[in-house]
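Hi everyone, thanks for making time for this. I'd like to walk you through one protein model, starting with the whole chain and then stopping at a few residues.

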Amino acid sequence: IISIVFDLPIKDLVLKRLLRNPEDFRSAFEPFYGNKNASQLAKLLTEHLTLAAQIVEANKSGDKKSAEEYEKKWYENASNIASFLSCINPFWHRDEWEKMLFVHLDFVKAQAVYMLTKDYAKGIAIFDPYEKQVLEMADVMSMGIIRQFPYKFVLSPPLIQ
């Protein structure tokens, strides 16, 4: 968001790095859900990140119509992610994921608005609750995987000497 809003010369590098995250998720999910499902999640997350960048770019340029269209697609993408996750893990519920993802989008949107409107103090202040919410989503994701695949998390007994 910051690199787009301030048109930093590292903007493309930042976006390129951010778009590695879906591949990281794919790699983490593949041992549990197979290549097809892991790749589908990576595709959905790539769309999520790309749409976020397009929303910020459109708002920055004053193109409200495009920004609204991208935002609608962004929330649809979040719903698709929630549906997908609930299909691959019985401990993940679509409504819970959709609610968490929508809150996440609201935080990201607020950060962008604060930066675009130069309300930097609010942009910084929102980071702590945003980070807390992201960590809560990570906990739900982790616990769902652990509950679905408990045998993959059983530690070997210590060696007796």
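Let's begin with charge. The protein chain carries 20 positive and 21 negative side chains, and the centres of those two sets lie 3 Å apart. Please keep in mind throughout that this is a predicted model.

Now for the overall build. How many helices and how many strands are there in the protein chain? There are 7 helices and 0 strands, so to speak of the pattern along the sequence is to say α-α-α-α-α-α-α. If you put a box around the C-alpha atoms along the principal axes, its sides come to roughly 65 × 35 × 25 Å.

The chain has 161 residues, and 34% of them count as buried. Its accessible surface is about 10200 Å², with 60% of that belonging to carbon and sulfur atoms. There is also a number for how the chain meets itself: among contacts with a separation of 6 or more, 63% are between residues 24 or more positions apart.

Next, the largest pocket. Its volume is about 1200 Å³. The pocket is lined by 42 residues, and the closest to its centre are Leu 18, His 48, Leu 49, His 104 and Tyr 130. Which helix gives the most to this lining? That is H3, with 12 residues. The other helices take part as well: H1, H2, H4, H5, H6 and H7, like H3, each supply at least two residues of the lining.

One of those central names deserves a stop, and that is His 104. You will find His 104 in helix H5, which covers residues 94–116. Is His 104 buried or exposed? His 104 has a relative accessible area of 9%, so it counts as buried, the cut-off being under 20%. Who are its partners, once we set aside residues up to four places away in sequence? His 104 touches His 48, Tyr 130, Gln 133, Val 134 and Met 137. Two of these, His 48 and Tyr 130, were also in the list of residues closest to the pocket centre.

His 48 turns up again when we look at Asn 77. Asn 77 lies in helix H4, and at 1% relative accessibility Asn 77 counts as buried. Not counting residues up to four places away in sequence, Asn 77 touches Leu 44, Glu 47, His 48 and Leu 51. If you have the model open, try finding His 48 and looking from there to Asn 77 and to His 104.

Staying in helix H4, we come to Phe 84. Its relative accessible area is 11%, so Phe 84 is buried too. Which residues is Phe 84 in contact with, leaving aside its neighbours within four places in sequence? They are Asn 37, Gln 40, Leu 41 and Leu 44. Leu 44 is a name you have just heard, as one of the residues that Asn 77 touches. For a sense of distance, Phe 84 and Tyr 151 are 67 residues apart along the chain, and their C-alpha atoms are separated by 23 Å.

Helix H4 has another residue for us, Lys 64. At 52% relative accessibility, Lys 64 counts as exposed, because the cut-off for that is over 50%. The C-alpha atoms of Lys 64 and Asp 7 are 19 Å apart, with their positions 57 residues apart along the chain.

That brings us to Asp 7 itself, in the loop between H1 and H2. Asp 7 has a phi near 45 degrees, a positive value in a residue other than glycine. Its relative accessibility is 47%, so Asp 7 counts as partly exposed.

Where is Lys 118, another residue with a positive phi? Lys 118 sits in the loop between H5 and H6, and its phi is about 65 degrees although it is not a glycine. At 61% relative accessibility, Lys 118 counts as exposed.

One last stop, back in helix H3, is Asn 21. Asn 21 counts as partly exposed, at 26% relative accessibility. Asn 21 and Gln 40 are 19 residues apart along the chain, and their C-alpha atoms are separated by 14 Å.

That's my tour. Thanks for listening!

Key:
Residues numbered from 1 in each chain as written. Predicted model: local features only at pLDDT ≥ 70, side-chain atom pairs only at ≥ 80, totals over all residues. Heavy atoms only, no water. Helix = DSSP H or I, 4+ residues; strand = E, 2+ residues; numbered from the N terminus. Buried < 20%, exposed > 50% of the residue type's maximum accessible area, 1.4 Å probe, protein only. Contact = heavy atoms within 4.5 Å. Areas by Shrake-Rupley, 256 points an atom, 1.4 Å probe, with all protein chains shown as cover. Lys, Arg positive; Asp, Glu negative; His and termini not counted. Charge placed at Lys NZ, Arg CZ, Asp CG, Glu CD. 1 Å grid on protein atoms, 1.4 Å probe; cavity = no way out; pocket = protein on both sides within 12 Å on 5 of 7 lines; lining within 4 Å. Points joined across faces, edges and corners; volume = space filled by probe spheres on them.
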